[in-house]
Amino acid sequence: MRKPRDYDAELKALDERTKALRSRKLVQLGELVSATVADTLPVEVLAGALLAAVETTDAQLEEGWRRRGAAFFHGRTREAGEHPRGDTGGEPAGKGDAESPAHTPGAE
């Protein structure tokens, strides 16, 4: 006779694995923000940029972002220039570009 499966133990193991994967994903996202120097942006600007990226339906714009991301991961981010945010995807430079990295809203 076969031993019955312990579904509770399997579900617990899957739950732990899910939590570990989510945690790893958050850590990697934080590392990506730091590696792209996006951590120098005010949090509102970063959130707005991410929301705009999620909401965009412009396939051409997304393809440009994809190419830049692929180049970043292949170590070719500084070929076009030394400024970490050199190309803003056609958007004019905003006030956030001129602020110092230490600036926090309301700290004046």
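**Rings and a nonpolar patch in a predicted model**

A search of the whole structure finds one aromatic pair. This is a predicted model, in which local features need pLDDT of at least 70, side-chain atom pairs count only at pLDDT 80 or more, and totals for chains, interfaces and linings use all residues. Residues are numbered from 1 along each chain as its sequence is written, and side-chain values use heavy atoms, with hydrogens and water left out.

Visitor: Which geometry do the rings of F72 and F73 have, stacked, tilted or edge-to-face?
Guide: Rings of Phe, Tyr and Trp (its six-membered ring) pair if their centres lie within 6.5 Å, with planes under 30 degrees apart counted as stacked, over 60 as edge-to-face and the rest as tilted. The centres of F72 and F73 are 5.3 Å apart and their planes stand at 75 degrees, so the pair is edge-to-face.

Visitor: Is F73 buried or exposed?
Guide: Buried means under 20% relative accessible area, exposed over 50% and partly exposed in between (1.4 Å probe, protein chains only). Because F73 has a relative accessible area of 61%, F73 is exposed.

Visitor: Which helix gives the largest share of the nonpolar patch?
Guide: The patch, about 440 Å², is made by L26, L29, L32 and F73; patch residues have over 30% relative accessible area and no salt bridge (a side-chain nitrogen of Lys or Arg within 4 Å of a carboxyl oxygen of Asp or Glu), and nonpolar side chains (Val, Leu, Ile, Met, Phe, Trp, Tyr) are joined within 5 Å, like charges within 9 Å. Accessible areas come from the Shrake-Rupley method with a 1.4 Å probe, and for residues only the protein chains shown count as cover. Helices are DSSP runs (H or I, at least four residues), numbered from the N terminus, and the largest share, three residues, comes from helix α1.

Technical notes
Helix = DSSP H or I, 4+ residues; strand = E, 2+ residues; numbered from the N terminus.
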